[in-house]
Amino acid sequence: MTTSSSERGVSLGMPELPAPAYPDDVRARLETDAREVIARYPDSRSALLPLLHLVQSEEGHVTRTGMQFCADMLELTTAEVTAVATFYTMYRRKPSGDYQVGVCTNTLCAVMGGDAIFEELQEHLGIGNGETTGDGKVTLEHIECNAACDFAPVVMVNWEFFDDQTPASAKRLVDDLRAGREVEPTRGARLCTFKETARILAGFPDERPGAVEESGSAGPASLVGLRLARGEAAPARVVHPRDGGPHDEQDRAVHDPSPTERLSAHDAPQETSASDPAHPAGPTAEEGE
């Protein structure tokens, strides 16, 4: 008795059906936005990256329909669009959550506790890398360096920074996201959904009142080199004994954080290293002191 190829699970290599089209009203709206983006570039092909963000803002990930739309608007082949969409990890290829929670696991963040944070979040949420919680709220992933090593270990939510994290603070963060509680990044504007973030990355203004003013700038530790290069004297700092021994109260540095230095409610205590709370890393002086 013989079995058919379908019964044996053998693929005949049949070509995939064409991607379904956007509904007429959706396509008309996207075409208007796409033309605005394309007009910014002397070569229309250069608009491919923001157009991929645009279609990602529509469905939360880059679908075959979205790639076909980009190809049509830019007179490219779908192969050319697919090559770009699959190269950059910022473009999602499958449905994902309202909040992309990325844990930096590059060298410094890893040794400061990033690996521990990522492992505990996987267990806490019951999902693996690149997977999404059943309620569709959180997608977890490990990410490459986000140039915030002086605030390690760092977690990012929809590309906004949450500095100096620990497993406990990171778990509290994702619980708040899933519960719909307001979450404030350490630096940057208040959070919006991943779809809204994608539209901003496509080059459209953030229309939330006050959001642009909230964006702030780099943290003070990141700006030390710039201040020194400008010839600005670094502020005096008092380094207290590692063992926490006695010192005069008048030696204590008093500092009111500026808006750009504000701490998130999910920032971990900064007295110890997240990877080894029993052994503080000890005081460090700013570069040039």
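## Exercises on a predicted model

Of the 289 residues of the protein chain, 36% count as buried, where buried means under 20% relative accessible area, exposed over 50% and partly exposed in between, with a 1.4 Å probe and protein chains only. This is a predicted model, in which local features need pLDDT of at least 70 and side-chain atom pairs count only at pLDDT 80 or more, while totals for chains, interfaces and linings use all residues. Residues are numbered from 1 along each chain as its sequence is written, and side-chain values use heavy atoms, with hydrogens and water left out.

### Exercise 1

Find the order of the strands in the open sheet, and state which strands stand at its edges.

**Solution.** Begin with the inventory: the protein chain has nine helices and five strands, which are DSSP runs numbered from the N terminus (helices H or I, at least four residues; strands E, at least two). Next, recall that two strands pair if DSSP finds at least two bridges between them. The open sheet of five strands then reads β2-β3-β1-β4-β5, with mixed pairing. Finally, β2 (131-132) and β5 (160-162) each have a single partner strand, so they stand at the edges and one side of each is left without a neighbour in the sheet.

### Exercise 2

Describe the surroundings of strand β1 (residues 99-104), beginning with burial and going on to its partners.

**Solution.** Six of the six residues of β1 are buried, so this strand is largely enclosed by the rest of the structure. In a regular strand the side chains alternate between the two faces of the sheet. Here Y99, V101 and V103 point one way, while Q100, G102 and C104 point the other way. Turning to the partners, six bridges join β1 to β3 (residues 138-143), and these two strands run parallel, whereas three bridges join β1 to β4 in an antiparallel arrangement. V101 illustrates both pairings, since its bridge partner in β3 is L140 and it stands opposite V157 in β4.

### Exercise 3

Which residues touch the most other members of the largest nonpolar core, and which helices contribute to this core?

**Solution.** A nonpolar core is a set of buried Ala, Val, Leu, Ile, Met, Phe, Trp, Tyr and Cys residues joined through side-chain atoms within 4.5 Å. Of the 25 residues in the largest one, L51, L52 and V81 touch the most other members. The elements that give two or more residues are α1 (24-38), α2 (48-59), α3 (64-74) and α4 (78-85), and the largest share, six residues, comes from α3. A second, separate core of 19 residues includes V138, L140, V157 and V174.
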